[in-house]
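Q: Please take a close look at one part of this predicted model. I should like a connected account that starts from a single strand pairing and follows it outward to its surroundings.

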Amino acid sequence: SANAIMVKVVTCTAPVNIAVIKYWGKRNAALILPTNDSLSVTLSQDILHSKTTIAASPDFSHDRLWLNGKEEDITKNKRMHNCFRETRALRKQLEDSSAEPLEPLSTYPVHVCSENNFPTAAGLASSASGLAALVFTLARLFDLPTSTSDLSRIARQGSGSACRSLFGGFVAWEMGSRDDGADSLAVQVAPETHWPELQALICVVDDAKKGTSSTEGMQNTVATSPLLQHRIRDVVPERMRDMKKAILDRDFQTFAEITMRDSNQFHAVCLDTFPPIFYLNDVSRAIIRLIHEYNATSPDGRLKAAYTYDAGPNAVIYAPKQNMKEIIHLITRYFPGADFVDPYNFFPEGEVVG
Ligand code: 2P0
């Protein structure tokens, strides 16, 4: 009918990733170009993901965003506009070069609804999955033939760590050397099927969102920490090589040692920032000691688990599946109030156990 309106709607999800070699520091804040390579493990989408629905219509007046059901003002959100601008430019190329006339979606305002299936307040990385879901859903909405690595370059301009959530499995973010960021993108080191015995346990130490934001914190680190310069120059390049090899060899010893050392160095760099940034609390540090004691009980001296911490107090424990139940029992024994995200359904009664 004459009153019909054209709306195209697409929904996609994107997973959370947890770095084992940490990204911390930008050489270009506007383009989100990092000071070092990083490497992460993408977690199963079944448990933790951001789900984004985008509608495009010529009848919408402007771009709008609803985050977990609440509308956010995005007029000053540069990072979202980066993602809109880049994907619309690719759509425009497609429209201009197509033999058949295409719907001019590149000119339509969009409505974006995004939600996490985990509490944003849990201090778990939500910007990575959220911005990855935004870019991936825009690419689907616009039918872009763009490769995943090229999409990761766009997601990077939404949030640095988001570029790694475009791939499953084991993912490197190559910092690149160009000033325009054309070679700063994510590549898959190995798919999730490569090492299915490796599992992640998320221990929610504190579910309040507080402290220094990553974006602000890392800029202060770049400006003030001499230890960061040592890390960038002398530590990360060798760790990236060793970590990639450990993953390809399914070598948990090397994987675990580098993971723990890199988490510790990231938090040391935070302490070396002036004024210092504190993300770990007493419970975080107690879990670090507990994992080292647990590893020390190993009869053959082989590591049984590795911890890692991001810009908050919550622990992520990587371990071979066979050790997970023991680790959960250990942590619940020492921390009776501990909450877990229970991705492998050890506790079928509910997602989170106390
Ligand atoms: C990481 N983190 O590699 C590191 C470890 C936190 C600690 O990536 O400014 O939210 O959006 O690029 O991606 C957090 O930084 O910062 C982060 P922006 P982002 O996962």
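A: Asn17 stands opposite Thr42 in β5. This pairing belongs to the contact between β2 and β5, two strands that run antiparallel and are joined by four bridges. Strands of a sheet pair through backbone hydrogen bonds, either parallel or antiparallel. On the other flank of the ladder, β5 (residues 38-42) is joined to β10 (residues 170-174), again by four bridges and again in the antiparallel sense. Within that second pairing, Ser40 has Val171 of β10 as its bridge partner.

Taken together, these strands form part of an open sheet of four, in the order β2-β5-β10-β11 and with antiparallel pairing. The edges are β2 (17-21) and β11 (185-190), each of which pairs on one side only. From one strand to the next, the twist averages 35°.

Although β2 is an edge strand, five of its five residues are buried, and the strand is mostly covered. Helix α5 (residues 226-248) lies across β2, β5, β10 and β11, and runs at about 115° to β2.

The sheet also has a place in the domain arrangement. The domain assignment gives domain 1 (8-194) and domain 2 (198-353), with 25 Å between their centres, taken over C-alpha atoms. The contact takes 28 residues from domain 1 and 32 residues from domain 2. On the side of domain 1 that touches domain 2, the elements giving two or more residues are β2, β5, β10 and β11. The largest share of that side, three residues, comes from β2. By class, the side of domain 1 that touches domain 2 holds 20 nonpolar, five polar and three charged residues.

The ligand is the next point of interest. Of the 14 residues around the ligand, Ala19, Tyr23, Ser159, Gly160 and Ser161 come nearest. The shell around the ligand draws at least three residues from each of domain 1 (8-194) and domain 2 (198-353). Its residues divide into five nonpolar, seven polar and two charged.

A further element reaches back to the same sheet. The buried residues of helix α3 (residues 148-156) are Leu151, Ser152, Arg153, Ile154, Ala155 and Arg156. These buried residues pack against α1 (78-97), α2 (127-141) and β11. Asp150 also has its place in helix α3, but Asp150 is partly exposed, because 16 other C-beta atoms lie within 10 Å. Between Asp150 and Cys163 there are 9.6 Å in space, C-alpha to C-alpha, and the two residues are 13 apart in sequence.

Helix α2, one of the partners of α3, leads to another sheet. This is an open sheet of five strands, ordered β1-β6-β9-β7-β8, with mixed pairing. At its edges stand β1 (8-15) and β8 (70-72); each has a single partner strand, so one side of each is left without a neighbour in the sheet. Neighbouring strands here are turned by 20° against each other on average, direction ignored. Inside the sheet, β6 (residues 49-56) and β9 (residues 110-116) pair in the antiparallel sense over seven bridges, and Ala56 has Val110 as its bridge partner in β9. Helix α2 packs on this sheet, where it touches β1, β6 and β9, and its direction makes about 145° with that of β1.

Finally, some backbone details deserve attention. Most residues other than glycine have a negative phi, and most peptide bonds are trans. Ile32, in the loop between β3 (26-28) and β4 (33-34), has a positive phi near 55°. Ile32 is buried, because 23 other C-beta atoms lie within 10 Å and the cut-off for burial is 20 or more. Arg250 likewise has a positive phi, near 50°, and lies in the loop between α5 and α6. With 14 other C-beta atoms within 10 Å, Arg250 is partly exposed. The peptide bond from Phe274 to Pro275 is cis, with omega near -5°, and Pro275 is placed in the loop between α6 (252-272) and α7 (282-296).

Key: Residues numbered from 1 in each chain as written. Predicted model: local features only at pLDDT ≥ 70, side-chain atom pairs only at ≥ 80, totals over all residues. Pairing = 2+ DSSP bridges. Axes fitted to C-alpha atoms, helices over the stretch in contact; angles between N-to-C directions. Contact = placed C-beta atoms within 7 Å. Near = placed C-beta within 6 Å. Nonpolar A, V, L, I, M, F, W, Y, C, P; charged D, E, K, R; others polar. Domains from an automatic or database assignment. Buried ≥ 20, exposed ≤ 12 C-beta atoms within 10 Å, placed from the backbone.
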